[in-house]
2 protein chains.
Amino acid sequence: MVDQLRPRQQAIMRFIEDFLDENGYPPTVRDIQYGCNISSTSVVDYNLKGLVRGGFLRRSKEVSRGIEVVGRRERRVKIPVLAAIAAGQPLPVFPQDVATAIEEDSVDIDAGMAANTDKLYALRVKGDSMIDALIRDGDMVVLEAQESAEPGEMVAAWLVQEEEATLKRFFPEGERVRLQPENTTMTAIYVDARNVQIRGRVVGVLRRYE
Amino acid sequence: MVDQLRPRQQAIMRFIEDFLDENGYPPTVRDIQYGCNISSTSVVDYNLKGLVRGGFLRRSKEVSRGIEVVGRRERRVKIPVLAAIAAGQPLPVFPQDVATAIEEDSVDIDAGMAANTDKLYALRVKGDSMIDALIRDGDMVVLEAQESAEPGEMVAAWLVQEEEATLKRFFPEGERVRLQPENTTMTAIYVDARNVQIRGRVVGVLRRYE
DNA sequence: CGAATGCGCGAACATGGGTTCGCTCATTTT
DNA sequence: AAAATGAGCGAACCCATGTTCGCGCATTCG
């Protein structure tokens, strides 16, 4: 196993990452050569092969700049911001449906925030109904799209008749559902179970101060 | 002004982004040609020039795959997670000092969260001293490194004698400083002004549910 | 000790890939 | 109607760039 990278390979790795950050595309073998003061392209190729074998890079054969830094892109996920919740807009279950339409609005989050990254979307919270859960007006909640929920989970619920979305804790109680706000000054909403559609479960919160 | 992209240019933009996501490096003119069913490379070049003029792309002349999607990489910033606050570890003012040491621990955040992205770092919150500011134990706070603060700002403060970091609101009161928790069950801390070093101002909060 | 192996060097090779050129064919402008 | 402009086509040109080859020079192995 390669436990310790040799200094030349370390330098190459660093150079590639810096180059990527600066230019948005990977360097050529010769870029690396000059950037790391290496005398020959073959030496670069030789070391790149080592880095590939060590699992640090991926390379596409015969492709210019065909270098990919392993484990770089995977950590970041761009998720769409669908709408403001507790406002009156409809919330599609599958973000892809509208992702293109409002792709401008998006948030990047740590991929570790949830498992199923392509089912994530975000909503901006309107109102303080979840204030006791430390979620306040203006916060961004990250949700994982799902159509059912466990009792007590914090969910985005769509009230069919009212055509309203709301952020509450979910408690099924036989024929009806109790949607419990986390705000001592507010009371629970009781709705017919057929009138409620779960749209997602809260997996994270983002807040921004100025 | 280019207000509406023509379908061919839309297709090209989409293809480039997808290609980037899939391969980690930009496509060649010919990749685009085949991917978008265009008959000639010159047509691709022609349209790329249009996209550059419209500000959608940046291109490096005579550089293979020298295509950069504007506003793509800039949005994401990787910031180091330095330590847990309110625990006893020292907090360096300049994240770079230790960034390499614990680079594993890092969070990606939306660049819009603050202006000076290279001065950002994150701390995991220990304890509930800021509970009334809706920040609780286990949350991640994002800070912008700075050594002074306006009265009332939420800051990470370093108590020199006690060798302790703490997250509080900052109120200078002549010779001394009041560090005010946001928790009605806790009282303010008063310390000598020379015993306090501001290490950063809170600009964001991230929370994760399981 | 000689052979094998890891690492580096320089040069050449061959193709990948950006760029240009001349030519159509609509559509718009004068 | 003639000229200008926008959009596309195919072919060629030629530098950029990935790849290979033969050769040194250490260090390690049998």
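# Exercises on a predicted protein–DNA model

B:Leu134 is buried, having 20 other C-beta atoms within 10 Å. The model is a predicted one, and the exercises below are to be solved on its coordinates.

## Exercise 1. Two residues with positive phi

Task: Determine where B:Leu134 lies and whether B:Asn37 is buried or exposed.

Solution.

Step 1. The general expectation is that most residues other than glycine have a negative phi.

Step 2. B:Leu134 is not a glycine, yet its phi is positive, at about 65 degrees. In chain B, B:Leu134 is placed in the loop between strand S5 (120–125) and strand S6 (140–144).

Step 3. B:Asn37 also carries a positive phi, near 55 degrees. The loop holding B:Asn37 runs between helix H2 (29–35) and helix H3 (41–53) of chain B.

Step 4. A residue is buried at 20 or more C-beta neighbours and exposed at 12 or fewer. B:Asn37 has 8 C-beta neighbours inside 10 Å and therefore counts as exposed, while B:Leu134, with 20, is buried.

## Exercise 2. The crossing of H1 and H3

Task: Classify the arrangement of H1(B) and H3(B), and state which residues make the contact. Repeat the analysis for H1(A) and H3(A).

Solution.

Step 1. In chain B, the axes of helix H1 (residues 7–23) and H3 approach within 10 Å and cross at roughly 85 degrees.

Step 2. Angles from 65 to 115 degrees count as roughly perpendicular, and H1(B) and H3(B) are therefore roughly perpendicular to each other.

Step 3. On the H1(B) side the contact involves B:Arg8, B:Gln9, B:Ile12 and B:Met13, and on the H3(B) side B:Asn47, B:Gly50 and B:Leu51. By class, these residues are three nonpolar, three polar and one charged.

Step 4. In chain A, the axes of helix H1 (residues 7–23) and H3(A) come within 10 Å, with a crossing angle of roughly 85 degrees. H1(A) and H3(A) are therefore roughly perpendicular.

Step 5. A:Arg8, A:Gln9, A:Ile12 and A:Met13 of H1(A) meet A:Asn47, A:Gly50 and A:Leu51 of H3(A). This contact has three nonpolar, three polar and one charged residues.

## Exercise 3. The surfaces near the DNA strands

Task: Identify which helix gives the most residues to the surface near DNA strand C, and which gives the most to the surface near DNA strand D.

Solution.

Step 1. There are 24 residues around DNA strand C, of which A:Ser39, A:Ser40, A:Ser42, B:Val29 and B:Ser42 come nearest.

Step 2. At least two residues each of this surface come from helix H3 (41–53) of chain A and from H2 and H3 of chain B. H3(A) gives the most, with five residues.

Step 3. The surface near DNA strand C comprises six nonpolar, 10 polar and eight charged residues.

Step 4. Around DNA strand D there are 23 residues, and those that come nearest are A:Val29, A:Ser42, B:Ser39, B:Ser40 and B:Ser42. Two or more residues are given to this surface by each of helix H2 (29–35) and H3 of chain A and H3 of chain B.

Step 5. For DNA strand D, H3(B) gives the most, with five residues. The surface near DNA strand D divides into six nonpolar, 10 polar and seven charged residues.

## Exercise 4. The surroundings of A:Pro26

Task: Establish whether A:Pro26 is buried or exposed, and list which residues beyond its neighbours within four places in sequence are in contact with A:Pro26.

Solution.

Step 1. A:Pro26 is located in the loop between H1 and H2 of chain A.

Step 2. A:Pro26 counts as buried because it has 24 C-beta neighbours inside 10 Å.

Step 3. Leaving aside neighbours within four places, the contacts of A:Pro26 are A:Ile16, A:Phe19, A:Leu20, A:Arg65, A:Ile67 and B:Tyr25.

Step 4. A:Ser64 is 38 residues from A:Pro26 in sequence, and their C-alpha atoms are 9.1 Å apart.

## Exercise 5. Nonpolar cores

Task: State how many residues the largest nonpolar core has, and name residues of the second core.

Solution.

Step 1. The largest nonpolar core has 54 residues, and within it A:Val141, A:Leu143, B:Val141 and B:Leu143 have the most contacts.

Step 2. A second, separate core has 18 residues, including A:Ile12, A:Tyr25, A:Ile32 and B:Ile12.

Terms used
Residues numbered from 1 in each chain as written. Chains lettered and ligands numbered in written order. Predicted model: local features only at pLDDT ≥ 70, side-chain atom pairs only at ≥ 80, totals over all residues. Helix = DSSP H or I, 4+ residues; strand = E, 2+ residues; numbered from the N terminus. Axes fitted to C-alpha atoms, helices over the stretch in contact; angles between N-to-C directions. Parallel < 35°, antiparallel > 145°, perpendicular 65-115°, else oblique. Contact = placed C-beta atoms within 7 Å. Nonpolar A, V, L, I, M, F, W, Y, C, P; charged D, E, K, R; others polar. Near = placed C-beta within 6 Å. Core = buried A, V, L, I, M, F, W, Y, C linked by C-beta atoms within 7 Å.
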